[in-house]
Amino acid sequence: MMLYPAMSNLLRHVPSRYMLVNVVAQRARQIAQTAEDEGYPLSEKPVTLAIHEVADGLVNVAD
């Protein structure tokens, strides 16, 4: 089973798997809350959107 984005790609932006879980969870909560507050439906699940943002380097990770 091939996962996208690959874990190796995600770990280029985040130093460890444990931090990756925290970063994605926090960003997913932000995405869900913003969508609820502004009243627009999401095309994908918040976690999926957050993972793609990390893979694209759009999420700032403070070490």
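**Core and confidence in a predicted model**

Student: Which residues make up the largest nonpolar core of this predicted model?

Tutor: In this predicted model, the largest nonpolar core has 12 residues in all. They are Leu10, Val14, Leu20, Val23, Val24, Ala28, Ile31, Ala50, Val54, Ala55, Val59 and Val61.

Student: Which helix gives the most to this core?

Tutor: At least two core residues come from each of helix 2 (17-38) and helix 3 (46-55). With 5 residues, the one that gives the most is helix 2.

Student: Which residues does Val23 touch, not counting residues up to four places away in sequence?

Tutor: Val23 belongs to the largest nonpolar core. Leaving out residues up to four places away in sequence, Val23 touches Val54, Val59 and Val61.

Student: Is Glu53 buried or exposed?

Tutor: Glu53 lies in helix 3. The cut-off for buried is under 20% relative accessible area. Because its relative accessibility is 18%, Glu53 counts as buried.

Student: Which residues does Glu53 touch, not counting residues up to four places away in sequence?

Tutor: Ala28 is 25 residues from Glu53 along the chain, and their C-alpha atoms are separated by 10.0 Å. With residues up to four places away in sequence not counted, Glu53 touches Arg27, Ile31, Leu58 and Val59.

Student: Where in the protein is confidence highest, and where is it lowest?

Tutor: The protein has an average pLDDT of 91, and 95% of the residues score at least 70. Confidence is highest in helix 2, at a mean of 96, and lowest, at a mean of 90, in helix 1 (residues 7-10).

Key. Residues are numbered from 1 along each chain as its sequence is written. This is a predicted model: local features need pLDDT of at least 70, side-chain atom pairs count only at pLDDT 80 or more; totals for chains, interfaces and linings use all residues. Side-chain values use heavy atoms; hydrogens and water are left out. A nonpolar core is a set of buried Ala, Val, Leu, Ile, Met, Phe, Trp, Tyr and Cys residues joined through side-chain atoms within 4.5 Å. Buried means under 20% relative accessible area, exposed over 50%, partly exposed in between (1.4 Å probe, protein chains only). Helices (H or I, at least four residues) and strands (E, at least two) are DSSP runs, numbered from the N terminus. Contact means heavy atoms within 4.5 Å. pLDDT is the predictor's confidence in each residue, from 0 to 100.
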